[in-house]
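User: I'm new to reading protein models and would love a close look at one part of this one. Could you take me through the strands and whatever packs or bonds around them, in plain words?

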Amino acid sequence: RRRRCPVASLAGDNRMVYIEDWDTFYAEAEKLYLDHPAHTRYSLKYRHTDGKVLLKVTNDRVCLQYQTDQQQDLKRIEKLNNIFITRMCGRDPEADAAEGAEGSASKGDKPVSSEEPGSKKRRGKR
(Lines give C-alpha, C1' and ligand atoms only; values in the text may rest on other atoms or scores of the structure.)
Protein backbone atom coordinates (compact mmCIF):
# COMPACT_ATOMS: atom_id res chain seq x y z
CA ARG A 1 0.00 0.00 0.00
CA ARG A 2 1.53 3.25 -1.10
CA ARG A 3 1.02 6.44 0.87
CA ARG A 4 0.49 9.71 -0.94
CA CYS A 5 0.96 13.34 -0.07
CA PRO A 6 -2.41 15.19 0.17
CA VAL A 7 -1.27 17.79 -2.34
CA ALA A 8 -0.28 15.06 -4.79
CA SER A 9 -3.62 13.28 -4.41
CA LEU A 10 -5.50 16.48 -5.21
CA ALA A 11 -3.53 16.83 -8.40
CA GLY A 12 -4.14 13.18 -9.31
CA ASP A 13 -0.40 12.52 -9.13
CA ASN A 14 1.43 9.63 -7.42
CA ARG A 15 4.56 11.70 -6.77
CA MET A 16 5.55 13.11 -3.41
CA VAL A 17 5.16 16.89 -3.55
CA TYR A 18 7.24 19.33 -1.53
CA ILE A 19 5.73 22.42 0.06
CA GLU A 20 7.64 25.41 -1.32
CA ASP A 21 6.86 28.02 1.36
CA TRP A 22 8.50 27.62 4.80
CA ASP A 23 5.73 29.43 6.70
CA THR A 24 3.08 27.15 5.20
CA PHE A 25 5.13 24.04 6.00
CA TYR A 26 5.81 25.23 9.56
CA ALA A 27 2.14 26.01 10.30
CA GLU A 28 0.85 22.78 8.75
CA ALA A 29 3.49 20.63 10.47
CA GLU A 30 2.71 22.11 13.88
CA LYS A 31 -1.04 21.72 13.27
CA LEU A 32 -0.57 18.11 12.18
CA TYR A 33 1.36 17.32 15.37
CA LEU A 34 -1.17 19.06 17.62
CA ASP A 35 -4.05 17.17 15.96
CA HIS A 36 -2.39 13.71 16.20
CA PRO A 37 0.58 13.79 18.63
CA ALA A 38 0.74 10.01 19.16
CA HIS A 39 0.82 9.18 15.45
CA THR A 40 2.95 12.00 14.02
CA ARG A 41 6.56 11.37 12.98
CA TYR A 42 9.20 13.93 12.05
CA SER A 43 12.32 13.16 10.06
CA LEU A 44 15.23 15.28 8.96
CA LYS A 45 17.67 14.10 6.34
CA TYR A 46 20.71 15.74 4.78
CA ARG A 47 21.68 14.66 1.27
CA HIS A 48 25.35 15.44 0.79
CA THR A 49 25.28 14.71 -2.95
CA ASP A 50 22.62 17.42 -3.53
CA GLY A 51 23.56 19.63 -0.58
CA LYS A 52 19.90 19.66 0.50
CA VAL A 53 18.11 19.21 3.80
CA LEU A 54 14.85 17.27 3.58
CA LEU A 55 12.13 17.52 6.24
CA LYS A 56 9.16 15.20 6.44
CA VAL A 57 6.25 15.26 8.89
CA THR A 58 3.65 12.53 8.56
CA ASN A 59 0.93 10.72 10.46
CA ASP A 60 0.46 8.03 7.76
CA ARG A 61 -2.55 9.85 6.31
CA VAL A 62 -1.05 13.27 5.62
CA CYS A 63 2.53 13.70 4.44
CA LEU A 64 4.20 17.13 4.55
CA GLN A 65 7.62 17.60 2.96
CA TYR A 66 10.01 20.52 2.63
CA GLN A 67 13.46 20.73 1.09
CA THR A 68 16.05 23.49 1.06
CA ASP A 69 19.63 24.11 0.07
CA GLN A 70 19.85 27.52 1.78
CA GLN A 71 22.01 27.83 4.87
CA GLN A 72 19.84 30.58 6.39
CA ASP A 73 16.96 28.07 6.60
CA LEU A 74 18.92 26.03 9.15
CA LYS A 75 17.89 28.41 11.97
CA ARG A 76 14.25 27.89 11.04
CA ILE A 77 14.73 24.13 10.92
CA GLU A 78 16.45 24.22 14.32
CA LYS A 79 13.52 26.17 15.78
CA LEU A 80 11.00 23.64 14.41
CA ASN A 81 13.13 20.77 15.70
CA ASN A 82 13.27 22.31 19.19
CA ILE A 83 9.50 22.82 19.22
CA PHE A 84 8.85 19.20 18.22
CA ILE A 85 11.29 17.87 20.82
CA THR A 86 9.77 20.07 23.53
CA ARG A 87 6.24 18.99 22.67
CA MET A 88 7.24 15.32 22.48
CA CYS A 89 8.64 15.60 26.00
CA GLY A 90 5.20 16.72 27.17
CA ARG A 91 5.96 20.41 27.66
CA ASP A 92 4.52 23.53 26.08
CA PRO A 93 7.17 25.57 24.18
CA GLU A 94 5.28 28.84 24.77
CA ALA A 95 5.31 28.25 28.55
CA ASP A 96 9.03 27.38 28.43
CA ALA A 97 9.73 30.61 26.51
CA ALA A 98 7.87 32.64 29.16
CA GLU A 99 9.85 30.94 31.95
CA GLY A 100 13.09 31.57 30.04
CA ALA A 101 12.31 35.29 29.77
CA GLU A 102 11.68 35.52 33.52
CA GLY A 103 14.79 33.48 34.33
CA SER A 104 17.09 35.53 32.09
CA ALA A 105 16.30 38.70 34.06
CA SER A 106 17.60 37.15 37.28
CA LYS A 107 20.69 35.55 35.67
CA GLY A 108 22.56 38.85 35.68
CA ASP A 109 22.93 38.75 39.46
CA LYS A 110 26.06 37.08 40.78
CA PRO A 111 25.59 34.27 43.29
CA VAL A 112 26.52 35.17 46.83
CA SER A 113 29.28 32.99 48.27
CA SER A 114 29.38 32.04 51.93
CA GLU A 115 33.20 32.03 51.91
CA GLU A 116 35.41 35.04 52.45
CA PRO A 117 37.21 36.30 49.33
CA GLY A 118 40.72 35.56 50.68
CA SER A 119 40.09 32.03 51.96
CA LYS A 120 40.95 28.96 49.91
CA LYS A 121 39.24 25.62 49.93
CA ARG A 122 41.49 22.64 50.49
CA ARG A 123 41.01 19.72 48.20
CA GLY A 124 42.55 16.30 48.10
CA LYS A 125 44.65 14.51 50.72
CA ARG A 126 46.54 16.31 53.46
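Analyst: Let's start with strand β3, residues 63-68, where five of the six residues are buried. Buried means under 20% relative accessible area, exposed means over 50%, and partly exposed is in between, using a 1.4 Å probe and protein chains only. Strands here are DSSP runs of E with at least two residues, helices are runs of H or I with at least four, and both are numbered from the N terminus.

A quick word on what you're looking at: this is a predicted model, in which local features need pLDDT of at least 70 and side-chain atom pairs count only at pLDDT 80 or more, while totals for chains, interfaces and linings use all residues. Residues are numbered from 1 along each chain as its sequence is written, and side-chain values use heavy atoms, with hydrogens and water left out.

Now the setting. The protein has four helices and three strands, and from the N terminus on they come in the order α-α-β-β-β-α-α. Of its 126 residues, 25% count as buried.

Back to β3. Its antiparallel partner is β2 (residues 52-58), and six bridges hold that pairing. For two strands to count as paired, DSSP has to find at least two bridges between them. You can pick out individual partners: L54 stands opposite Q67 in β3, and V53 has T68 as its bridge partner. Strand β2 is mostly covered too, with five of its seven residues buried.

On to β1, residues 41-47. β1 and β2 run antiparallel and are joined by seven bridges. Here R47 sits opposite K52 in β2. So you can follow β2 pairing with β1 and with β3.

The turns are worth a look as well. β1 and β2 make a hairpin with four residues between the strands, and G51 there takes a positive phi near 70 degrees. β2 and β3 make a hairpin that also has four residues between them, with D60 in the turn. The phi of D60 is near 75 degrees, a positive value in a residue other than glycine. Why point that out? Because most residues other than glycine have a negative phi.

D60 has another job for your eye: its side chain meets that of R41 in a salt bridge, 3.0 Å from N to O. A salt bridge here is a side-chain nitrogen of Lys or Arg within 4 Å of a carboxyl oxygen of Asp or Glu. This pair links distant parts of the chain, since R41 is in β1 and D60 is in the loop between β2 and β3, 19 residues apart. Both ends are partly exposed: R41 has a relative accessible area of 42%, and D60 comes in at 34%.

There's another salt bridge by the strands, between D50 and R47, whose closest N and O atoms are 2.8 Å apart. D50 is partly exposed at 42% relative accessibility, and R47 is partly exposed at 35%. The whole structure has four salt bridges.

One of them involves the helices: E30 pairs with R87, with 3.2 Å between the closest N and O atoms. E30 is in helix α2 and R87 in helix α3, so this pair ties together parts that are 57 residues apart in sequence. Here E30 counts as buried at 17%, and R87 counts as buried at 15%.

So what packs around the strands? The largest nonpolar core has 17 residues, and W22, F25 and V57 have the most contacts inside it. A nonpolar core is a set of buried Ala, Val, Leu, Ile, Met, Phe, Trp, Tyr and Cys residues joined through side-chain atoms within 4.5 Å. The elements giving two or more residues to this core are α2 (22-35), β2, β3 and α3 (73-88), and α2 gives the largest share, six residues. In soluble globular proteins, nonpolar side chains tend to be buried together.

V57 is a good residue to zoom in on. Leaving aside neighbours within four places in sequence, its contacts (heavy atoms within 4.5 Å) include F25, A29, L32, C63, L64 and F84.

Finally, C63 is buried at 4% relative accessibility, whereas C89 is exposed at 56%. A search of the whole structure finds zero disulfides, a disulfide being a pair of cysteine sulfur atoms within 2.5 Å.
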